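These are my notebook entries on one structure, written as I looked things up.

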Amino acid sequence: MSADLHERVFIALGSNLGDRKRHLETAIEAIGKIPLTKLVATSTIEETAPLGGMDQPKYLNQMIVASTGLDPSRFLKALQKIEEAAGRVRTERWAPRTLDLDIVRFGTRRLNDADLILPHPELPYRDFWLRELEELNATLVRKPEPA
């Protein structure tokens, strides 16, 4: 995809270990530095109970929307590098984490491969994501696409 064909990507951020707020701030800063990518808007931060039934600290969650010229696979790899830089260690599903970055939507794309499903299959079941999307969509109605 060429740099002039940007798509909006909605990314969910979550952290429940360490300095949770700082992990989110650092991730947003790093996402803004991904090649061919520009931050468009951020939702408010929300504290939520962990999913999956494990005994662990509460999460801070936030969603952002960015405009990117990267394809979904390259964008996912960039997000995984940001997670790793924040000390993310992938163990069991639903385990506590310093940083979790999920691509919720990538333009209007539908994708179902081993590494990425779009839109994110958990979207309808996460009320906080739906609230954050609603907040961002309201912001985007008032804010034009970046040039």
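The entries below go from the whole chain to one helix and then to one pocket.

I began with the ground rules: this is a predicted model, in which local features need pLDDT of at least 70 and side-chain atom pairs count only at pLDDT 80 or more, while totals for chains, interfaces and linings use all residues. Residues are numbered from 1 along each chain as its sequence is written, and side-chain values use heavy atoms, with hydrogens and water left out.

**Chain.** I found three helices and seven strands, where helices (H or I, at least four residues) and strands (E, at least two) are DSSP runs numbered from the N terminus. I noted that buried residues make up 43% of the 147 residues, buried meaning under 20% relative accessible area with a 1.4 Å probe and protein chains only.

**Helix 1.** I looked up residues 20-31 and found that these 12 residues reach 17 Å from first C-alpha to last, close to the 16 Å expected at 1.5 Å a residue, the expected span being 1.5 Å times one less than the number of residues. I listed its buried residues as H23, L24, A27, I28 and I31. They lie on the same side of helix 1, because they cover an arc of only 130 degrees around the axis, taken from the directions from the helix axis to the C-beta atoms.

**Side chains by class.** I then asked which classes line the second largest pocket, and I found four nonpolar, two polar and four charged residues; Asp, Glu, Lys and Arg count as charged, Ala, Val, Leu, Ile, Met, Phe, Trp, Tyr, Cys and Pro as nonpolar, and the others, Gly among them, as polar. A pocket here is an open set of points on a 1 Å grid over the protein atoms alone, where a 1.4 Å probe fits, with protein on both sides within 12 Å along at least five of seven lines, and lining residues have an atom within 4 Å of a point. Helix 2 gives the largest share of this lining, five residues.

Definitions and conventions: Buried means under 20% relative accessible area, exposed over 50%, partly exposed in between (1.4 Å probe, protein chains only).
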